[in-house]
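Colleague: I am new to this structure and would like a close look at one part of it, namely the pairing of charged side chains. Please take me through that slowly, with the cut-offs behind each term.

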Amino acid sequence: MNKDINYFGIDISHLVFDVTDSNGNYNQFKNNPSGFKKFAKLLDKESHCVMEATGYYHYQLAYFLLENNIQVSVENPLAVKRFIQMKLSKIKTDKSDSKLICEYAQQVELKPWQGNSKHQIECLQMTRLLAVYTKQSTMLKNKLHGETVLGNPSKAVVSSLKRSLKHVKKELETIETKLLLLVKQVHQDVLTRIKSIPGIGDKTAIMLVVLTDGFDRFKSGSELCSYAGLTPIIRQSGSSVKGRPRISKIGNQKLRNLLFMCSFNACKYNKACREIYERIVAKGKSKKLALIAVCNKLLKQAFAIAKSGLIYEETYRSTLVKN
């Protein structure tokens, strides 16, 4: 903790945000541009604002602070929650939470929040919309199947479902095309090289590049695996507790699910992944554990290729060759 810094713990909700600083001063502001400007009057170059990642509610304030050169950190809600639980506080209000977030800020090592570029924000918005449309498409297909297996399905219902499904598919194709063009504007080279990895298809390569911002936000493959929640957690204590190692699952679920789906093809067509899978299964380990290891290998291959300017080549032991 730097004693010269005035920390501001911020608890954000849909309409307002509560603030407590290092000196115990408390304020509440509206969660809109007008409230941001009023809050900014309390800040100077020695201020450090700390908040939780609360869905969408924290974004506008965080970007406002960033644009006004105010240091800001957006912390994992789980870390903040554990800290609050350790305090054994019997009071749970927005005011008390902002105070405890301020205390948290003074006792841990904070990482500055950098936000995303306008390009990255638009790409992420498109991926979220694609997820919605994909879910709608699946629901409509299931409903259509359910109606058609009836003995006497309603023609009006079936026709309506088919029209809706056709519309959703058209929107999916439109957004996918726009996302590809957007990604190519900034990450064409990385995208081309990632697609050279056996087991990673076109759509997966695009999602990998988008979710990692072209792999620019990570310093190592291990850090990226942690971000995806693929790192193992060892549960052992004394001689009695020896739990099986499990992946943390504390990370980007979308990225983790994406890699798991790719792992099946990677076991067939990616030599390094196939060797890992066969070695783990030969030791008597579960196939699921072997597939998780394949996910890790795929992600580390993608990171290495993205950072090195090389493409995949299985004839080389390192699986990389100069482009």
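**Salt bridges in and between helices**

Modeller: Asp 189 is a good place to begin, since this residue has a relative accessible area of 44% and is therefore partly exposed, where buried means under 20% relative accessible area, exposed over 50%, and partly exposed in between, with a 1.4 Å probe and protein chains only. Please keep in mind that the model is predicted, that local features need pLDDT of at least 70 and side-chain atom pairs pLDDT 80 or more, while totals for chains, interfaces and linings use all residues. Residues are numbered from 1 along each chain as its sequence is written, and side-chain values rest on heavy atoms, with hydrogens and water left out.

The partner of Asp 189 is Arg 193, and the closest N and O atoms of this salt bridge are 2.6 Å apart; the term stands for a side-chain nitrogen of Lys or Arg within 4 Å of a carboxyl oxygen of Asp or Glu. Both residues belong to helix H6, and because they are 4 residues apart there, about one helical turn separates them; helices here are DSSP runs of H or I with at least four residues, strands are runs of E with at least two, and both are numbered from the N terminus. Arg 193, for its part, is buried, at a relative accessible area of 3%.

Side chains of opposite charge can pair when their charged atoms come close. A second case joins Glu 176 to Lys 203, with 3.4 Å from N to O. Here Glu 176 sits in helix H6 (residues 155-194) and Lys 203 in helix H7 (residues 202-211), so this salt bridge ties together parts that are 27 residues apart in sequence. Glu 176 is partly exposed at 30% relative accessibility, whereas Lys 203 is exposed at 58%.

In helix H5 (residues 118-148), Glu 147 and Lys 143 are 4 residues apart, which means that about one helical turn lies between them, and their side chains form a salt bridge of 3.0 Å, N to O. Glu 147 is buried with 14% relative accessibility, while Lys 143 is partly exposed with a relative accessible area of 44%.

To set these pairs in context, the whole structure holds 5 salt bridges, and the protein has 11 helices and 9 strands. Of its 323 residues, 41% are buried.
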